Amino acid sequence: MILLRIYKKGADTKNEAPLFEGTELAGNTAVITGLPAGTVVQTGDYIALNHDSEGKLADSDAVDLPGFTVMEQKAGAPTNLKVDATDDGATVTEGE
């Protein structure tokens with residue numbers, strides 16, 4: 001099976017373990033995790049190659065991973081708001 005492997009720029013891909021790698025269930029997909037929100041990754045900060053987990057084929061040439069910015073995670077928007085008027089304002093409750 002061909003697995004996508006991700007390495008940091010400048011890594012020795014023959015002797016270093018990949019930072020991220022596809023799985024037997026999704027060999028062509030590698031998930032990069034652990035970067036803080038807002039991190040800007042420049043094109044070439046990471047490199048990618050295809051690796052034959054059965055060892056029948058040599059690794060592909062490495063290519064630069066395109067740049068990306070890690071998205072900020074947001075809390076879900078409030079839903080089903082209930083407002084109960086009071087004598088000096090209101091009590092607002094998020095419903096179910």
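## Arg5 and its partners

At 16% relative accessibility, Arg5 counts as buried, because the limit for that class is under 20%. The model described here is a predicted one. Arg5 has its place in strand E1, which covers residues 2-8. Leaving out residues up to four places away in sequence, Arg5 touches Pro18, Phe20, Glu21, Ile47, Ala48, Leu49 and His51.

Two polar contacts start from the side chain of Arg5: one of 2.5 Å to the side chain of Glu21, and one of 3.4 Å to the side chain of His51. The pair Arg5 and Glu21 is also a salt bridge, with the closest N and O atoms 2.5 Å apart. Arg5 belongs to strand E1 and Glu21 to strand E2, so this pair ties together parts that are 16 residues apart in sequence. Glu21 itself is partly exposed, with a relative accessible area of 32%.

## His51 in strand E4

His51 is found in strand E4, residues 46-52. This residue is buried, with a relative accessible area of 18%. In addition to the polar contact with Arg5, the side chain of His51 makes a polar contact of 2.7 Å with the side chain of Asp59.

Neighbours within four places in sequence set aside, His51 is in contact with Met1, Ile2, Leu3, Arg5, Glu21 and Asp59. Arg5 and Glu21, the two residues of the salt bridge described above, are thus both among the contacts of His51.

## The nonpolar core

The largest nonpolar core has seven residues: Ile6, Phe20, Ala30, Val41, Tyr46, Ala48 and Leu65. In soluble globular proteins, nonpolar side chains tend to be buried together.

Phe20, one of the core residues, is in contact with Leu4, Arg5, Ile6, Ala30, Val31, Ile32, Thr33 and Tyr46, when neighbours within four places in sequence are left aside. These contacts include the core residues Ile6, Ala30 and Tyr46, and they also include Arg5. Ala48, another member of the core, is among the residues that Arg5 touches.

## Other salt bridges

The count of salt bridges comes to three. Side chains of opposite charge can pair when their charged atoms come close. Besides the pair Arg5 and Glu21, the side chains of Glu54 and Lys56 meet in a salt bridge, at 3.5 Å from N to O. Glu54 is exposed, with a relative accessible area of 52%, and Lys56 counts as exposed at 67%.

Lys82 and Asp84 also meet through their side chains in a salt bridge, at 3.8 Å from N to O. Lys82 counts as partly exposed at 49% relative accessibility, and Asp84 is partly exposed with a relative accessible area of 33%.

## Exposed sites

A nonpolar surface patch of about 290 Å² is made by Leu81, Val83 and Val92. Within this patch, Val92 lies in strand E8, residues 89-94. Val92 is exposed, with a relative accessible area of 53%.

Gly34 is placed in the loop between strand E2 (20-21) and strand E3 (40-41). Gly34 is exposed, its relative accessible area being 76%. Although Gly34 and Val70 are 36 residues apart in sequence, their C-alpha atoms are 10.0 Å apart in space.

Conventions: Residues numbered from 1 in each chain as written. Predicted model: local features only at pLDDT ≥ 70, side-chain atom pairs only at ≥ 80, totals over all residues. Heavy atoms only, no water. Core = buried A, V, L, I, M, F, W, Y, C linked by side-chain atoms within 4.5 Å. Buried < 20%, exposed > 50% of the residue type's maximum accessible area, 1.4 Å probe, protein only. Contact = heavy atoms within 4.5 Å. Helix = DSSP H or I, 4+ residues; strand = E, 2+ residues; numbered from the N terminus. Polar contact = N/O pair within 3.5 Å; in protein donor to acceptor, adjacent residues only side chain to side chain. Patch = residues over 30% accessible without salt bridge, like charges linked within 9 Å, V, L, I, M, F, W, Y side chains within 5 Å. Areas by Shrake-Rupley, 256 points an atom, 1.4 Å probe, with all protein chains shown as cover. Salt bridge = Lys/Arg side-chain N within 4 Å of Asp/Glu carboxyl O.
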